[in-house]
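The following exercises concern a single protein structure. Each task is followed by a solution that proceeds step by step.

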Amino acid sequence: MSPIAYTGLIIAIAVVLFITNKVPVVLVAMGTALGLWATGVLTLPQAFAGLGDPAVIFIASLFVVSSGLEVTGVTAWAGQLLIKGAGEESRTRLLLMMMGLVSLLVALISLNGAVAALLPVVVVIAVRLKRNSSQLLMPLVFAGHAGSMLALTGSPVNVLVSEAALDAGVSGFSFFEFALAGIPLLAGTMAIIILFGEKLLPQRNGATMPADFSRHAKTLVEQYGLASGIHQLRVRATCPYIGQPSSGVDLGSWSGLQLVAIQDGDTAGPLRRTTIAEGDHLLLRGDGEAAAHFAAQMHLSFREEGAGDSEETLFNRRSGLAEVVIPPRSGLIGQTVFPGMVTESGDLIVLAVQRGANDAQGSGESKAASVELQAGDTMLLQGTWKALDTHLDDPDVLVVSSPELVRRQAVPMGPGAKQAIVILFAMVLMLATGIVPSAVAGLLAAGAIILCGIMTVEQSYRAISWTTVILVGAMMPLSTAMIETGAAKMLADRLVALVGDAGPTALLAGLFVLTAILGQLISNTATALIIIPIGVAAATAMGISPRPVLMSTAVAAAGAFLTPIATPTNLMVMGPGGYVFSDYWKLGLPLLIWFFVVAVFIVPLIWRF
């Protein structure tokens with residue numbers, strides 16, 4: 001068999017495996033690279049060159065930046081703004097704000113990252129506003145597809161077509177140049193969804209819905225009987241407690257007030273110093289009026305936000321709450337604890353202990369009311385978010401709700417949020433100005449996320465979608481094989497012959513149809529890697545610029561609407577939205593027609609042949 005025949009056979013097998021979804025896509029991609037080497041189409045270095053390609057490195061770095069924005073609560077903040085601005089009545093305003101937000105996030109980070117971050121937010125909105133999740137989640141994803149064309153970082157396909165333009169000897173696409181096609185795509189997508197979405201989408205909810213942690217603190221405070229008042233008082237410069245040991249704080253003469261803990265002003269954790277200093281906090285429980293008199297006499301000040309509000313005092317950007325259960329065979333069974341004690345690590349405070357549904361002993365009760373722990377007991381712990389993340393990874397306790405998941409949804413603009421935003425804008429600035437290659441900008445941003453302490457190296461590894469990275473890297477040699485064997489030129493010649501004298505517009509139409517069909521069945525990234533060399537070769541054969549051909553290909557690849565397997569995000573909303581396979585094409589087909597109009601008729605007006 002000739003190298004062209006081997007390449008065609010490998011592509012056919014890969015497409016069938018992608019469609020049937022019987023074999024993991026990573027194995028299909030790696031098998032494609034190995035097949036090209038085993039048949040002698042490519043050398044071993046050529047077969048695996050894609051794994052070290054700058055575009056692959058850039059894509060991997062975007063996952064780290066995206067996760068950094070999520071863990072710091074930037075996306076939670078954006079979600080809360082969405083809930084506040086959308087109101088409860090206007091469907092149009094809700095859809096416009098939701099689609100606008102996801103498109104902006106997709107443009108700056110990635111489609112997968114933006115949809116994953118906003119998915120629980122939109123489901124919670126559906127629950128609170130008593131709307132069917134099926135009416136919101138597909139518009140969220142489809143608007144994200146359109147938003148991926150607003151900037152270079154919106155999709156791996158954008159990076160690939162920009163690199164392909166450079167390889168073809170013409171200028172690549174600048175950071176925001178994609179928006180010239182992306183803005184009409186997004187505007188048309190919004191209009192179609194608002195006008196026809198309600199009729200074309202089903203009215204149902206998913207079988208399983210994500211938990212709503214937005215009122216998590218209030219729930220815990222009420223359950224453990226702490227709603228009567230937890231007060232955080234700041235030690236001022238004139239406070240007589242300064243320089244005194246912790247034992248010097250005596251509230252015996254203050255009826256109705258009990259000392260829960262003394263917190264370090266710098267770390268927000270339990271005080272480890274031997275003496276109290278200015279800026280430290282006294283955590284008290286009791287009557288608000290008594291706390292106010294105590295604060296005035298001892299030169300203490302209430303915390304600025306939510307004085308007397310137990311939820312705000314215990315659950316904020318610096319510290320949070322966690323509920324743990326004592327499992328059978330735990331090493332803590334038989335140990336004595338009491339509300340207000342500091343755990344052995346010195347970083348967490350036991351606020352309350354509960355045995356049974358309504359038997360809670362809250363902080364502030366006497367130490368005589370200590371509890372000998374039994375299997376099934378629950379404890380409410382308070383500490384910094386870092387301490388909660390670090391010390392609750394212990395087999396002796398079962399965490400009811402992961403502090404990390406709670407913080408991501410319920411604490412907007414948490415620790416590190418400002419640094420994450422600065423890093424994001426610095427990366428966008430570098431990409432927009434082109435002062436460094438995109439891979440370098442991405443690596444610098446990902447490195448800054450780690451150096452600032454927003455994420456650890458291990459967390460950054462977990463943040464990367466290795467399936468996407470390996471898929472792109474392992475499929476890249478397929479483009480090399482199609483070019484080197486002459487397969488791309490042969491297909492391009494046949495396509496040019498097929499469109500005949502119809503001109504370059506017909507070429508764009510043919511490439512769009514081919515890309516759109518493949519893009520509904522396999523990854524749009526894998527589709528782009530197959531179509532790009534064909535489009536470049538066809539443009540060369542017709543003597544036209546490859547830039548409009550490549551941009552049209554990017555638009556076609558973004559129109560992956562008709563099946564749930566077209567993109568990971570389409571599949572991501574299938575369960576929460578309660579969708580079935582046929583739901584996708586009903587709304588997706590009108591959108592794909594609009595994408596065809598933009599790709600075939602509008603793109604050539606902007607990027608001339």
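**Exercise 1. Disulfides and cysteines**

Determine how many disulfides the structure holds, and classify Cys 239 and Cys 452 as buried, partly exposed or exposed.

Solution. Step 1: a disulfide is a covalent bond between the sulfur atoms of two cysteines. The rule applied here asks for a pair of cysteine sulfur atoms within 2.5 Å. By this rule the count is zero disulfides.

Step 2: the model is a predicted one, in which local features need pLDDT of at least 70 and side-chain atom pairs count only at pLDDT 80 or more, while totals for chains, interfaces and linings use all residues. Residues are numbered from 1 along each chain as its sequence is written, and side-chain values use heavy atoms, with hydrogens and water left out.

Step 3: a residue is buried under 20% relative accessible area, exposed over 50%, and partly exposed in between (1.4 Å probe, protein chains only). Cys 239 has a relative accessible area of 5%, so Cys 239 is buried. Cys 452 has 42%, so Cys 452 is partly exposed.

**Exercise 2. The chain as a whole**

State how many helices and strands the protein chain contains, and what share of its residues is buried.

Solution. Step 1: helices (H or I, at least four residues) and strands (E, at least two) are DSSP runs, numbered from the N terminus. On this basis the protein chain has 26 helices and eleven strands.

Step 2: 55% of the 609 residues count as buried. Along the principal axes, the C-alpha atoms fill a box of roughly 95 × 55 × 45 Å.

**Exercise 3. An open sheet**

Give the order of the strands in the four-stranded open sheet and identify the strands at the edges.

Solution. Step 1: strands of a sheet pair through backbone hydrogen bonds, either parallel or antiparallel. Two strands count as paired if DSSP finds at least two bridges between them.

Step 2: the order is 2-3-1-4, with antiparallel pairing. Strand 2 (257-263) and strand 4 (300-302) each have a single partner strand and therefore stand at the edges, with one side of each left without a neighbour in the sheet. On average, neighbouring strands of this sheet are turned by 35° against each other, direction ignored. Here axes are lines fitted to C-alpha atoms, for helices over the stretch in contact, and angles run from 0 to 180 degrees between N-to-C directions.

Step 3: six bridges join strand 2 to strand 3 (residues 281-286) in the antiparallel sense. One of the residues concerned is Gln 263, whose bridge partner in strand 3 is His 281.

**Exercise 4. Strand 5 and its partners**

Find out which strands are joined to strand 5, and by how many bridges.

Solution. Step 1: strand 5 and strand 10 (residues 378-384) run antiparallel and are joined by seven bridges. Within strand 10, Thr 384 stands opposite Ser 319.

Step 2: strand 5 and strand 11 (residues 398-399) also run antiparallel, with two bridges between them. Leu 398 in strand 11 stands opposite Val 325.

Step 3: strand 5 (residues 319-325) is largely enclosed by the rest of the structure, because six of its seven residues are buried.

**Exercise 5. Aromatic pairs**

Count the aromatic pairs and describe the geometry of the pair Phe 142 and Phe 561.

Solution. Step 1: rings of Phe, Tyr and Trp (its six-membered ring) pair if their centres lie within 6.5 Å; planes under 30 degrees apart count as stacked, over 60 as edge-to-face and the rest as tilted. The whole structure contains ten such pairs.

Step 2: the ring centres of Phe 142 and Phe 561 are 4.8 Å apart and the planes stand at 65°, so this pair is edge-to-face. Phe 142 belongs to helix 8 (residues 134-147) and Phe 561 to the loop between helix 23 (546-558) and helix 24 (568-572), so the pair ties together parts 419 residues apart in sequence.

Step 3: Phe 142 is buried, with a relative accessible area of 0%, and Phe 561 is buried with a value of 0%. Ring pairs link Phe 142, Phe 561 and Phe 595 into a cluster.
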